[in-house]
Amino acid sequence: NKYNNFDIELKEQIHILNNHLDKVFCLSILKDGRLVSGSVDKSIIIYNKETYQPDLTIKEHKGSITCLTILNSGILVSCSFDETIKLFNIKNNEYEILQTLNYHADTVYKIIELKNKSLVSCSKDKSIIFYIKDNNNKYIQDYKITTNSKCCTVIQTKDNEICYSEKTNNSICFFDLNERKLKSKLDNINKHNCQYEWLIMISKDLLLIPGTNKISIIVNKYNLVRVIDIPNSSKITGVCMLNENMLFTGDWSEKI
């Protein structure tokens, strides 16, 4: 009863799903409510909502699955170490590959759908690629920007802006979608190791960057406004806000 807003009944775990043969990298929820997982074992599994047994297993990638994204249309999009992005139409317990995108030259870490329905992906090959649909309703490359090092994650921070991380200088970059140019850049954010999906918008104005033993908070005016030390912790990989006053972090030392 310590936290009035923390109204949750703790229970034992309901299920343990052991269907993958290696690390589980990513999870998402399909439009029909089913859980979908991606793994280092190169497979994607879709689970039954009632039994949590696999309804469908997809083995179309030749490398680890790094990201799963559900488009507003319901299409499942996956990224992989095999340098490809694949789009799947999922219907009941069957799937159809709608398209394979081969524009990157190394591991694709993440892909997102922007508010204007276009797509953006980032990669180890030091590039961010923007996609639009052609007259045949297929995604094609619209334009490409080159980053200074491998690009681990990308998120949309405003209608006309995306934010991405660069590995080498631990840089956070803000890119203007209308002018198609870099708007602002912050280097050496406390020497944080920003990877994969570790950029988190905790409100419409605040961007949070998990790191090692601390987290940084940046406002959308591109200023670092706060660094919070987390004593006796390690690399922070999970963050969420319970309410406007309470922040949770999870780290590699097995602590929350």
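Mentor: Before we start on this predicted model, one definition: two strands pair if DSSP finds at least two bridges between them.

Trainee: Okay, in what order do the four strands of the open sheet run?

Mentor: The pairing in this open sheet is antiparallel. Reading across its four strands, the order is β5-β6-β7-β8.

Trainee: Which strands stand at the edges?

Mentor: An edge strand has a single partner strand, so one side of it is left without a neighbour in the sheet. The strands that fit are β5 and β8 (94-101). As for twist, neighbouring strands here are turned against each other, direction ignored, by an average of 25°. So, for the edges, the names you want are β5 and β8.

Trainee: Let's zoom in on β6 and β7. What is the bridge partner of L76 in β7?

Mentor: β6 covers residues 76-80 and β7 covers residues 85-91. They pair in the antiparallel sense over four bridges. For L76, the partner in β7 is F88.

Trainee: Now H61: is it buried or exposed?

Mentor: H61 sits in the loop between β4 (54-58) and β5 (65-70). Its relative accessibility is 6%, and the cut-off for buried is under 20%. Therefore H61 counts as buried.

Trainee: Which side chain makes a polar contact with the H61 side chain at 2.9 Å?

Mentor: Leaving aside neighbours within four places in sequence, H61 is in contact with several residues, including K42, I44, D82 and T84. The side chain of T84 makes a polar contact with the H61 side chain at 3.3 Å. The one at 2.9 Å comes from the side chain of D82.

Note on methods: Residues are numbered from 1 along each chain as its sequence is written. This is a predicted model: local features need pLDDT of at least 70, side-chain atom pairs count only at pLDDT 80 or more; totals for chains, interfaces and linings use all residues. Side-chain values use heavy atoms; hydrogens and water are left out. Helices (H or I, at least four residues) and strands (E, at least two) are DSSP runs, numbered from the N terminus. Buried means under 20% relative accessible area, exposed over 50%, partly exposed in between (1.4 Å probe, protein chains only). A polar contact is a pair of N or O atoms within 3.5 Å; within protein, one must be able to donate a hydrogen and the other to accept it, and residues adjacent in sequence count only if both atoms are side-chain atoms. Contact means heavy atoms within 4.5 Å. Axes are lines fitted to C-alpha atoms, for helices over the stretch in contact, and angles run from 0 to 180 degrees between N-to-C directions.
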